Amino acid sequence: MRTIAIIPARMGSSRFPGKPIAKILGRPMIEHIYKRVAMSKSLDATYIATCDEEIRQIAEGFGAQVIMTADTHERASDRVAEAVTQLEADLIVMVQGDEPMTHPNMIDTAVAPFKHDPQLGCVNLVHKIDHEADYLDVNTIKVVMNQQGDALYMSRRPIPTLAKTGFADTAAYKQVCIIPFRRATLFQYTQLTPTPLEQLESVDMLRLLEHGFQVKMVHTEYNTQAVDTTADLARVEKLMESDPLLTRY
């Protein structure tokens, strides 16, 4: 299977305008993401998809392949789907443009299930939430799963409930935004009507879940930190500075 990664990025984030080009250890965040993703042995190519000329110029400056898209997309998955119309690929790995701590092995882990299940259309990585502050943070997308490891629901609110136990005794998990799609499933996604819970939570995957599609959750050992705010940016910079592997390209 020809496998590519696409990193959707735009300047107009409501929570952190200009986020993709914010500097981490002297480099734009999008550069850290692109170079770390491109290290994956599972990928045949890596691209950045954007509607912003400023991102295009910066990305091409550090050697990235860039695909320009419309500026009307509300969902990253729709932006990725537009970019893919110009490319040949069987598996498309969407890596959100706010995951600078992505490890190349995470890509390998995420695409592995497709080799054994020809019916599988979409995978998400998942990691246990270690800190209650992250569990309570609306920027952390929580996920609950069935006994087979498929997503039941995703929310920015704390799930599952702590009504009968404390956080330390509760298995709470977060979505890690490395999301491979089989090509047909990605294009199906774009044809599905946006759904009420997707819009309420602002979570792409709920469109698939509400329409009855399977979203397979696969555990990753890597505990990454997404950047949604300037405070996250400072936290990530400290984490990356303390781990030389995260800046080795």
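Reader: How many bridges join strand β6 to β11, and in which sense do the two strands run?
Author: In this predicted model, strand β6 covers residues 91-95, and one of the residue pairs linking the two strands is V95 with its bridge partner I178 in β11. The two strands run antiparallel, and the number of bridges that join them is five.

Reader: Where do β6 and β11 stand in the strand order of their sheet?
Author: The sheet is open and has mixed pairing among its five strands. Its edge strands, each pairing on one side only, are β5 (65-68) and β11 (178-182), and neighbouring strands are turned by 30° against each other on average, direction ignored. Strands β6 and β11 stand at the end of the order β5-β4-β1-β6-β11.

Reader: At about what angle to β1 does α1 run?
Author: Helix α1 lies across β1 (3-9), β4 (45-50), β5 and β6. Helix α3 (residues 76-84) also packs on this sheet, touching β1, β4, β5, β6 and β11, with a direction at about 130° to that of β1. For α1, the angle to β1 is about 175°.

Reader: Why can helix α1 be called largely enclosed by the rest of the structure?
Author: A residue counts as buried when its relative accessible area is under 20%, and the residues of α1 that meet this description include M29, I30, H32 and V37, as well as E31 and R36. Helix α1 spans residues 29-37, and it is largely enclosed because the buried residues number eight of the nine.

Reader: Which strands are at the edges of the sheet with the order β9-β8-β10-β7-β12?
Author: This open sheet has five strands with mixed pairing, and within it β7 (residues 123-128) and β10 (residues 173-176) pair in the antiparallel sense over four bridges, with V126 having Q175 as its bridge partner in β10. The twist averages 45° from one strand to the next. The strands that pair on one side only are β9 (151-155) and β12 (216-219).

Reader: Which strands of that sheet does helix α4 touch?
Author: Helix α4 (residues 104-111) packs on the sheet, and its direction makes about 120° with that of β7. The strands touched by α4 are β7, β10 and β12.

Reader: Is A110 buried or exposed, and what is its relative accessible area?
Author: A110 is found in helix α4, and, leaving aside residues up to four places away in sequence, A110 touches V123, L125, I178 and P180. Between A110 and V93, 17 residues apart in sequence, the C-alpha to C-alpha separation is 8.4 Å. A110 is buried, and its relative accessible area is 0%.

Key: Residues numbered from 1 in each chain as written. Predicted model: local features only at pLDDT ≥ 70, side-chain atom pairs only at ≥ 80, totals over all residues. Heavy atoms only, no water. Pairing = 2+ DSSP bridges. Axes fitted to C-alpha atoms, helices over the stretch in contact; angles between N-to-C directions. Contact = heavy atoms within 4.5 Å. Buried < 20%, exposed > 50% of the residue type's maximum accessible area, 1.4 Å probe, protein only.
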